[in-house]
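Thanks for making time this morning. I would like to walk through one model with you, beginning at the contacts with DNA and ending with how the copies are arranged.

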Protein chains: 2
Amino acid sequence: MFSRAEENYLKAIYHLEQQIQGEVSTNAIAERMDTKPSSVTDMVQKLAEKEVLSYKKYKGTLLTPNGRKIAANVIRKHRLWEVFLVEKLNFQWDEVHEIAEQLEHIQSDELVSRLDRFLGNPDFDPHGDPIPDKHGNVKRTEKKLLSECDKNQRGVCVGVKETSAEFLQYLDKRKISIGTKIKVLGKEFFDGSMIIQVGGDQFFVSQKIAENLYVQTN
Amino acid sequence: MFSRAEENYLKAIYHLEQQIQGEVSTNAIAERMDTKPSSVTDMVQKLAEKEVLSYKKYKGTLLTPNGRKIAANVIRKHRLWEVFLVEKLNFQWDEVHEIAEQLEHIQSDELVSRLDRFLGNPDFDPHGDPIPDKHGNVKRTEKKLLSECDKNQRGVCVGVKETSAEFLQYLDKRKISIGTKIKVLGKEFFDGSMIIQVGGDQFFVSQKIAENLYVQTN
DNA sequence: TTTTATTTTTAGCCTTGTCTAAATATAAGG
DNA sequence: CCTTATATTTAGACAAGGCTAAAAATAAAA
C-alpha cells in the first residue's frame, strides 16, 4: 500500500516524465510539489527502496513499470471523479481539481470500477485529458489546440485551456462540449481566425477562441 | 481545520455520548477507536485546547456545542456517501461502511451540498440512521425494532440490523426497503411472530425477521 | 583547468499521532 | 479505613513527512 504522500510523488513524477521526456530532476519534483528539494530526496530514496522508481544520486529518477502503473491508477481515479463532479453534480470544469485531488486517494478498486460504469466508461475527463484504463494504459492520442489544426482537418473537442465562466458560456451557446466533432473549413492567416463546422452549423471563431480549445485529431 | 484523526475522535466521542448518555471515559474511546488509552489522553487534551470538548483529568469528556457540530458534519458526510454508494453505485448495504469511512473526510462544503441535492436530500442512510442537516441537527426520532412495536402501530422502515444477502433478498421479495410504510396488524406472543401490512399486501413475519428490521414510529 | 554557480544530498530538528512502561488517581472489597 | 484492583495520565520513544543549514557533486564560466 502507498500513502497519500507517496501517491502524490508518483503522480507528479509521472506527469514530469511525460513533459520532460526523460529523467526527472529533484528540483523539478520539488517545484511541482511545492516542497523543498531535501524532502524530495528523502522520499525518492524511499520510493526507490519500494521499487516503484529507479534513482541514481545526482542523476534524477524514472518510474519503473510498476510505479507508472500506480501513478496512472491515481490519475485514473482523479479524472473519473472529475467527470462525476461535472456531469453529475454540475460543477464547472474549473472548480473540480481541488476536490478530485482529495478523492483520487480513496482506496477501493470496487468503487472505481462501479464509478466508471456509473459514468458510462468515459474516455476523457472534463478538461479533455484521457482517462487511463484499469491497467494504467492511456489512449495516447495527442490533443492539440484548434488553432494548430489545418484546413479540412477534423477533430473532437476534448477540453479547454482557459476555463473562465465567459469562455465556457460561449462554448455552451455554440453547443460545443466534450465529444463535439469539429471540422476546420477555413483559416485566415492574417488574424488566425477560422471558420469551423459544428454539427449542422458553421461559424467563425477568433484566434483567441481557437487557442483555448483542445481537439483530438485522428 | 481538523485533521482526519481529530475528526475520527470527535465522531467516536459523539457516538459514545449518545450511547452512554453522559461523560465519555478515556477507555471507552480507546476501545471504540482501537487505540491505547494513553493515545486518547493525548488527543483529548489537544482537542480540549481547541475547545471542541471539555475535559477534566480522570473524569472523562463531553463535546462542546462546537465539537458536536463538527462531529455531526462528519457523520452527515458519511451517511450521504453511503446513500450515494447504495443508491447510485448499487453497492449492498453492508459493503459501504469502509469506503464511506474514507469519503467522510473529503473537505468541501460545496461538494456536500451538491451531493445532498443530487441524492434528493435524503433523511436516512441505507442503514436507517438519520442524516444530520448542514447545521448538525438530527431528526431525533428513535428508531426501534419492528419486534418492539405494538399491535396497530404504524412505522416506516428505516434500516436493518442484520445485513446478510439472504435477509436483504427476503426484504426485496417482500418489497420492503427504506421508506416502506409498515403497520402491525397482529402479534403472536407465543413465538414473537407478527402479521404486518405493507402497501396492499399483508403477510406473516417470524420473530427473527421482526428483530432485524428497524422502523421509525411517530 | 580553475573558479564560481547551481543542484543535490546529508545531518539534525520539528510535528503529528501512535506506542510501551511506569507512575498516579480513583474505585472496590474486606 | 486500608489495601488491592482498575482506570488514567505521564514520560520517553518511534515512524512519517516535512524543514533549515551546511556539505558535497555537478555544471558553467573564466
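In this predicted model, a phosphate oxygen of DNA strand C lies 3.0 Å from a backbone N or O atom of Tyr58(A), and a backbone N or O atom of Lys36(B) is placed 3.1 Å from a phosphate oxygen of that strand. For Tyr58(B) the side chain is involved, with one of its N or O atoms 3.3 Å from a sugar or linking oxygen of DNA strand C.

Stepping back to the surroundings, there are 21 residues around DNA strand C, and those that come nearest include Tyr55(A), Lys57(A) and Lys46(B). Of the atoms of DNA strand C that come within 4 Å of the protein, 75% belong to sugar and phosphate. By class, this surface has ten polar, seven nonpolar and four charged residues, and helix 3 of chain B gives the most to it, namely five residues.

Let me return to Tyr58(A), which sits in the turn of a hairpin formed by strand 1 and strand 2 of chain A, with three residues between the strands, and which has a positive phi of about 65°. The two strands, residues 53-56 and 60-63, pair in the antiparallel sense over four bridges, and Lys56(A) stands opposite Gly60(A).

Finally, the copies: a turn of 180° with a shift of 0.0 Å along the axis lays chain A on chain B with an RMSD of 0.1 Å, and the two are therefore related as by a two-fold rotation axis. In chain A, the C-alpha of Leu103(A) is nearest that axis, at 3.8 Å. Because 100% of the interface residues of chain A are also interface residues in chain B, the copies meet through the same surface.

Methods
Residues are numbered from 1 along each chain as its sequence is written. Chains are lettered from A and ligands numbered from 1 in the order in which they are written. This is a predicted model: local features need pLDDT of at least 70, side-chain atom pairs count only at pLDDT 80 or more; totals for chains, interfaces and linings use all residues. Side-chain values use heavy atoms; hydrogens and water are left out. Two strands pair if DSSP finds at least two bridges between them. Copies are superposed by least squares on the C-alpha atoms of residues with pLDDT of at least 70 in both. Contact means heavy atoms within 4.5 Å. A residue is near a molecule or strand if one of its heavy atoms lies within 4 Å of it. A polar contact is a pair of N or O atoms within 3.5 Å; within protein, one must be able to donate a hydrogen and the other to accept it, and residues adjacent in sequence count only if both atoms are side-chain atoms. Ala, Val, Leu, Ile, Met, Phe, Trp, Tyr, Cys and Pro count as nonpolar, Asp, Glu, Lys and Arg as charged, and the others, Gly among them, as polar.
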